[in-house]
Amino acid sequence: MIFNRMTLAGTLACAVSTFSYFWVGLSWAAILTNIVSMVILVHSFYVANYKDKLHLATQAVAIVVGMIMLPLMGINSGGVDSGMPIWFVMGVIVTFQMVSGVRFYIYLVIQILIYTVIFLVSYHFPEVIPPLARTGFFIDAWQSMVIVSLLAGMIIKDQNRIYENELKKNEEQRQQLED
C-alpha cells in the first residue's frame, strides 16, 4: 500500500534528518519538531494498519504533517535558505497522492498559502527564521534533495507498477472475452 510505504519512508527521512540536525547543531526546536513529525507518522501507520482507519490516517498526515509540521520545521531550520523548499514540494506531492475530492483542492490551496507565507516571512523578516551555518545549509539541502528524490521516485515506481498490473488484468480479461 502506498500509504504504508510513504509513512515508513517519511519516518526514515525524519530519523535521518534528526541525526543531521544534531550533527549541524540546529536548535532544539528544529530537532523536536522533526521528532514529533516522526511520532505522528508512526502513529498514523499504526492507525491505518491496526485500527483499520486509513482515511483518518491519511488526513492526519496531510493536515498535521503537511500543513503544520513541515512549516514549523521550515521556520525552525533555516526557512527558504535550507532544504525545506524541497520538503514543501514533497508535502504537495503527498497531498496529490493521498487526498481526493473537494478536500484535495482545499488542502492544496491551504498548503500553498502556508508555504507562500513562510517564503514571504523569510524574505521580509529574515530575522524571524534562524539561519543555518554554511555547512548546515549544504548538509540539509543535500540530504533533503536525496531523500525527497528517493521518495518521489518511489511514488512514481509504485504508480507505474499499479498501472502495469491493471494493463495485465485488462489484457487477461480481453483474452478471456475473445476465447
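Partly exposed here describes a residue whose relative accessible area falls between the buried class, under 20%, and the exposed class, over 50%. With that in hand, welcome to a short tour of the salt bridges in this predicted model.

**Figure 1. Confidence across the predicted model.** Before zooming in, here is how confident the prediction is. The protein has a mean pLDDT of 90, and 100% of its residues reach 70 or more. Helix 5, residues 101-124, has the highest confidence, with a mean of 94. The lowest is found in helix 1, residues 2-24, where the mean is 86. The structure holds five salt bridges, and the next views visit some of them.

**Figure 2. Arg 5 and Asp 158 join helix 1 to helix 6.** A salt bridge brings together the side chains of Arg 5 and Asp 158, at 3.2 Å from N to O. This pair links distant parts of the chain, with Arg 5 in helix 1 and Asp 158 in helix 6 (residues 134-178), 153 residues apart. The two partners are worth viewing for their surroundings too: Asp 158 is buried, at a relative accessible area of 7%, whereas Arg 5 is partly exposed, at 34%.

**Figure 3. Arg 161 belongs to a network with Arg 5 and Asp 158.** Stepping back a little from the previous view, we can bring in another residue. Salt bridges link Arg 5, Asp 158 and Arg 161 in a network. Within this network, Asp 158 is the buried residue described above, with 7% relative accessible area.

**Figure 4. Glu 166 pairs with Lys 169 within helix 6.** The closest N and O atoms of this salt bridge are 3.7 Å apart. Glu 166 and Lys 169 are separated by about one helical turn, because they lie three residues apart in helix 6. Both ends of the bridge have some access to the surface: Glu 166 counts as partly exposed at 39% relative accessibility, and Lys 169 counts as partly exposed at 45%.

**Figure 5. Arg 174 meets Glu 178, also in helix 6.** Here the closest N and O atoms of the salt bridge are 2.4 Å apart. The partners sit four residues apart in helix 6, about one turn of the helix. Glu 178 has a relative accessible area of 52%, so this residue is exposed, the cut-off being over 50%. Arg 174, at 37% relative accessibility, is partly exposed, because that value lies between the limits of 20% and 50%.

Key: Residues numbered from 1 in each chain as written. Predicted model: local features only at pLDDT ≥ 70, side-chain atom pairs only at ≥ 80, totals over all residues. Heavy atoms only, no water. pLDDT = per-residue confidence, 0-100. Helix = DSSP H or I, 4+ residues; strand = E, 2+ residues; numbered from the N terminus. Salt bridge = Lys/Arg side-chain N within 4 Å of Asp/Glu carboxyl O. Buried < 20%, exposed > 50% of the residue type's maximum accessible area, 1.4 Å probe, protein only.
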